[in-house]
Amino acid sequence: MKFHLDGSQPNKNQIFVFGSNLAGIHGAGAAKQAALRYGAKYGQGVGLRGQSYAIPTKDQDIETLPLDIISRYITNFVRFTNDNPQMQFFLTKVGTGLAGYKDKDIAPMFKGCGTNCDLPEDWQPYLQFN
């Protein structure tokens, strides 16, 4: 795993990972960018589509999901990154924008991501291994 500065953009070969809602309404924040630039599809709120990967942080009614539910989606994503080492992933600060969680709540859930993941620099303190 490596880290990128906030505000940076993915390289051509990287998959844009963003926080979504289960309705697949990509109307704001990183989700809107995913739809406009990286092939996210309206109506699909989970998983790989085009050059994007959606991790739900909100439900069908656009209400923030509890951390234990978000954690399940992140666990599936981490497994996906390890099962697909040929793919490169660029993570946005999933769950910390419109969903309203803090870095300290979300970042530790991404422990276990492979070297094919480029994570937000702000998350580095929460992902250091002792």
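# Strand 4 and its surroundings

Q: How many residues of strand 4 are buried?
A: This is a predicted model, in which local features need pLDDT of at least 70 and side-chain atom pairs count only at pLDDT 80 or more, while totals for chains, interfaces and linings use all residues. Residues are numbered from 1 along each chain as its sequence is written, and side-chain values use heavy atoms, with hydrogens and water left out. Strands (E, at least two residues) and helices (H or I, at least four) are DSSP runs numbered from the N terminus, and buried means under 20% relative accessible area, exposed over 50%, and partly exposed in between (1.4 Å probe, protein chains only). Strand 4 is mostly covered: of its 7 residues, the number buried is 7.

Q: Is Ser-52 buried or exposed?
A: Ser-52 is placed in strand 4, which covers residues 52-58. Its relative accessible area is 1%, so Ser-52 counts as buried.

Q: Which residue has the backbone nitrogen that the side chain of Ser-52 reaches?
A: Away from its neighbours within four places in sequence, Ser-52 has contacts (heavy atoms within 4.5 Å) with residues including Ile-15, Phe-16, Tyr-38 and Ala-40. A polar contact is a pair of N or O atoms within 3.5 Å; within protein, one must be able to donate a hydrogen and the other to accept it, and residues adjacent in sequence count only if both atoms are side-chain atoms. At 3.4 Å, the backbone nitrogen reached by the side chain of Ser-52 is that of Ala-40.

Q: Which residue of strand 4 is the bridge partner of Val-17?
A: Two strands pair if DSSP finds at least two bridges between them. Strand 2 and strand 4 do so in the parallel sense, over 6 bridges. The partner of Val-17 in strand 4 is Tyr-53.

Q: Which residue in the turn between strand 3 and strand 4 has a positive phi?
A: Strand 3 (residues 47-49) pairs with strand 4 in the antiparallel sense over 3 bridges; here Leu-48 has Tyr-53 as its bridge partner. The two strands form a hairpin with 2 residues between them, and the turn residue with a positive phi, of about 60°, is Gly-50.

Q: What is the phi of Ile-62?
A: Ile-62 sits in the loop between strand 4 and helix 2 (67-83), and at 34% relative accessibility it is partly exposed. Most residues other than glycine have a negative phi. Ile-62 is not a glycine, yet its phi is positive, at about 65°.

Q: What distance separates the end C-alpha atoms of helix 2?
A: The expected span of a helix is 1.5 Å times one less than its number of residues. Helix 2 has 17 residues, so it should span 24 Å. The separation of its end C-alpha atoms agrees with this, at 24 Å.

Q: Within what arc do the buried residues of helix 2 fall?
A: The buried residues of helix 2 are Ile-70, Ile-74, Phe-77, Val-78 and Thr-81. They line one face of the helix because, seen down its axis, they fall within a limited arc, taken from the directions from the helix axis to the C-beta atoms. The face turned away from the buried side carries the exposed residues Arg-72 and Asp-83. The arc of the buried residues is 100°.

Q: Which element gives the most residues to the largest nonpolar core?
A: A nonpolar core is a set of buried Ala, Val, Leu, Ile, Met, Phe, Trp, Tyr and Cys residues joined through side-chain atoms within 4.5 Å. The largest has 24 residues, and Phe-77, Leu-91, Phe-110 and Trp-123 have the most contacts inside it. Strand 2 (14-21), strand 4, helix 2, strand 5 (88-91) and strand 6 (117-120) each supply at least two of its residues. With 4 residues, the element that gives the most is helix 2.

Q: Which residue of strand 6 stands opposite Phe-89?
A: Strand 5 is joined to strand 2 by 4 parallel bridges, with Phe-90 in strand 5 as the partner of Phe-16. Strand 5 also runs parallel to strand 6, with 2 bridges. Opposite Phe-89 in strand 6 stands Cys-117.

Q: What distance separates the C-alpha atoms of Gln-14 and Asp-118?
A: Gln-14 is placed in strand 2 and is buried, with a relative accessible area of 3%. Among the residues that Gln-14 touches are Gln-51, Gln-88 and Asp-118. Gln-14 and Asp-118 are 104 residues apart along the chain, and their C-alpha atoms are separated by 8.8 Å.
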